[in-house]
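Colleague: Can we go through this one slowly? I'd like to see how the labels get attached.

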Amino acid sequence: MINSQDQKLLMLLRQDARTSITDLARSLDVSRSTVQNRLARLEKAGVIRGYSVELGGEYLANQVEAHVSIKVIQKLTARTNMALEDISQVVQLFSVSGEYDLIAIVQAQSLEELSKVLDDIGNLEGVERTNSAVVLETRFRR
């Protein structure tokens with residue numbers, strides 16, 4: 001299990017995954033080797049699976065995002081999931097309870113591209129129906 005120091009380390013990495021070991025150690029008031037050992041342990045345990053790029057600036061500001069609820073024909077769920085994974089604009093896919101089976105987070109560079117991707121999703125084998133909500137404004141993201 002992780003302790004409070006691990007939680008603080010994870011919080012710092014969420015804020016900036018490129019923070020140096022030295023700066024992490026200083027913020028946590030521990031040695032560099034302690035931070036390196038904690039990171040290695042968290043990675044080995046699968047708590048930290050990887051480090052990623054967070055898009056920003058004009059690139060992100062110009063993107064259009066939609067949350068797409070997807071009703072899937074149950075026998076074709078695995079095939080549909082694989083097909084959605086092949087669409088690069090689908091950045092996240094959640095299995096959910098309720099009327100719909102999946103929620104896909106779709107990001108595109110324009111409304112035209114988003115419209116095409118939504119059509120592509122709706123035309124996938126196994127997709128019974130979709131319902132899309134375009135994000136107008138992001139209030140905050142963690």
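Colleague: What do β2 and β3 form, and how many residues lie between them?

Modeller: This is a predicted model, so keep that in mind throughout. β2 and β3 form a hairpin, with six residues between them. In the turn, Gly 98 has a positive phi of about 110°.

Colleague: How do you know that β2 and β3 pair?

Modeller: Count the bridges: five join β2 to β3, and the two run antiparallel. Pairing needs at least two bridges, so these strands count as paired. You can look at single positions too: Gln 92 stands opposite Ile 105 in β3, and Leu 93 stands opposite Ala 104 in β3.

Colleague: And what joins β1 to β3 and to β4?

Modeller: Seven bridges join β1 (residues 64-72) to β3 (residues 102-108), running antiparallel. Another seven bridges join β1 to β4 (residues 127-134), also antiparallel. With at least two bridges needed for a pair, both count. Ser 69 is a nice one to click on: its bridge partner in β3 is Ile 103, and in β4 its bridge partner is Asn 131. Ala 66, for its part, stands opposite Val 106 in β3.

Colleague: In what order do the four strands sit in the sheet?

Modeller: The order is β2-β3-β1-β4, in an open sheet with antiparallel pairing.

Colleague: Which strands are called edge strands, and what makes them so?

Modeller: Those are β2 (90-95) and β4, as each pairs on one side only. Ignoring direction, neighbouring strands of the sheet are turned by 20° against each other on average.

Colleague: What lies across the sheet's strands?

Modeller: Helix α6 (residues 111-122) lies across β1, β2, β3 and β4. The helix runs at about 155° to β4.

Colleague: Why is β3 called largely enclosed?

Modeller: A residue is buried when its relative accessible area is under 20%. Six of the seven residues of β3 meet that, so the strand is largely enclosed by the rest of the structure. β1 is mostly covered too, with seven of its nine residues buried.

Colleague: Is Val 134 buried, partly exposed or exposed, and how do you know?

Modeller: Its relative accessibility is 41%. Buried means under 20% and exposed means over 50%, so Val 134 falls in between and is partly exposed. Val 134 is found in strand β4.

Colleague: Which residues does Val 134 touch, leaving out those up to four places away in sequence?

Modeller: Val 64, Glu 65, Ala 66 and Leu 114. There's also a C-alpha separation to look at: Val 134 and Ile 105 are 29 residues apart along the chain, with 9.9 Å between their C-alpha atoms.

Colleague: What makes Tyr 59 partly exposed?

Modeller: Tyr 59 has a relative accessible area of 43%, which is between the 20% and 50% cut-offs, so it is partly exposed. You'll find Tyr 59 in helix α4 (residues 57-61).

Colleague: Which residues make the nonpolar surface patch?

Modeller: Tyr 59 is one of them, along with Val 53, Leu 55 and Leu 60. The patch covers about 380 Å². Patch residues need over 30% relative accessible area, so Tyr 59, at 43%, clears that cut-off.

Definitions and conventions
Residues are numbered from 1 along each chain as its sequence is written. This is a predicted model: local features need pLDDT of at least 70, side-chain atom pairs count only at pLDDT 80 or more; totals for chains, interfaces and linings use all residues. Side-chain values use heavy atoms; hydrogens and water are left out. Patches are made of residues with over 30% relative accessible area and no salt bridge: like charges are joined within 9 Å, nonpolar side chains (Val, Leu, Ile, Met, Phe, Trp, Tyr) within 5 Å. Accessible areas come from the Shrake-Rupley method with a 1.4 Å probe; for residues, only the protein chains shown count as cover. A salt bridge is a side-chain nitrogen of Lys or Arg within 4 Å of a carboxyl oxygen of Asp or Glu. Buried means under 20% relative accessible area, exposed over 50%, partly exposed in between (1.4 Å probe, protein chains only). Axes are lines fitted to C-alpha atoms, for helices over the stretch in contact, and angles run from 0 to 180 degrees between N-to-C directions. Contact means heavy atoms within 4.5 Å.
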